[in-house]
Amino acid sequence: METHQILTILLTVLFLMLGGAYIIYIYDAFRRTKQRFLLPLSVGFFLLITGGALPVLVYTLAAANQVFMILAVILQIGGITAIFYSTVR
């Protein structure tokens with residue numbers, strides 16, 4: 001594995017960890033406040049973070065496939081939609 005691939009994987013893991021911490025923080029806020037909009041907000045961020053990391057991991061692991069790219073975009077669209085829904089509702 002080349003240096004840039006290792007760095008890409010490490011940065012993607014860091015991205016997933018930070019995103020996961022953010023999602024946990026939002027869910028914890030939901031448990032304390034019972035504000036219903038926080039649930040779709042956390043789901044939206046989960047989809048957005050997963051969809052953002054998926055193409056990077058697939059490309060880095062040399063398994064680039066159009067299906068994964070389409071899945072990543074669908075996850076990102078779902079995430080943005082859930083975030084939008086939670087904020088305008």
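Start by selecting Val-73, which sits in helix 3 (residues 66-88). Helices here are DSSP runs of H or I with at least four residues, strands are E runs of at least two, and both are numbered from the N terminus. You are looking at a predicted model, in which local features need pLDDT of at least 70 and side-chain atom pairs count only at pLDDT 80 or more, while totals for chains, interfaces and linings use all residues. Residues are numbered from 1 along each chain as its sequence is written, and side-chain values use heavy atoms, with hydrogens and water left out.

Stay on Val-73 for a moment. Is Val-73 buried or exposed? Neither label fits: with a relative accessible area of 44%, Val-73 is partly exposed. The cut-offs are under 20% for buried and over 50% for exposed, with partly exposed in between (1.4 Å probe, protein chains only). Now add Gly-52 to the selection and draw a C-alpha to C-alpha distance: the two residues are 8.1 Å apart in space and 21 residues apart in sequence.

**Zoom out**

Show the protein chain as a cartoon. You should see 3 helices and 0 strands, running α-α-α from the N terminus on. Along the principal axes, the C-alpha atoms fill a box of roughly 45 × 25 × 15 Å. Of the 89 residues, 29% count as buried. If you compute a contact map (heavy atoms within 4.5 Å), look well off the diagonal: among contacts with a separation of 6 or more, 63% are between residues 24 or more positions apart. Switch on the surface and about 6200 Å² is exposed, 73% of it supplied by carbon and sulfur atoms. That area comes from the Shrake-Rupley method with a 1.4 Å probe; for residues, only the protein chains shown count as cover.

**Helix 2**

Select residues 38-60 and check the end-to-end C-alpha distance. At 1.5 Å a residue, these 23 residues should span 33 Å, and the end C-alpha atoms are indeed 33 Å apart. The expected span is 1.5 Å times one less than the number of residues. Then step on to Ala-62, which follows helix 2 and has a positive phi, near 60 degrees.

**Into the core**

Next, select Ile-23, Ile-26, Ala-29, Phe-30, Leu-38, Leu-41, Phe-45, Ile-49 and Ile-83 as sticks; these 9 residues make up the largest nonpolar core. Helix 1 (3-33) and helix 2 each supply at least two residues of this core. A core here is a set of buried Ala, Val, Leu, Ile, Met, Phe, Trp, Tyr and Cys residues joined through side-chain atoms within 4.5 Å. Centre on Ile-26: leaving aside residues up to four places away in sequence, Ile-26 touches Leu-38, Leu-41, Ser-42 and Phe-45.

**Salt bridges on helix 1**

A search of the whole structure finds 2 salt bridges, each a side-chain nitrogen of Lys or Arg within 4 Å of a carboxyl oxygen of Asp or Glu. Which residues do they link? Select Asp-28, Arg-31 and Arg-32, which form a network. Asp-28 meets Arg-31 at 3.4 Å, N to O, and meets Arg-32 at 2.6 Å, N to O. Asp-28 and Arg-31 are separated by about one helical turn, because they are 3 residues apart in helix 1. Asp-28 is partly exposed at 26% relative accessibility, whereas Arg-32 is exposed at 54%.

**Last stop**

Finish with Leu-7, in helix 1. Leu-7, Leu-11, Leu-14 and Leu-18 form a nonpolar surface patch, with about 390 Å² of accessible area together.

Note on methods
Patches are made of residues with over 30% relative accessible area and no salt bridge: like charges are joined within 9 Å, nonpolar side chains (Val, Leu, Ile, Met, Phe, Trp, Tyr) within 5 Å.
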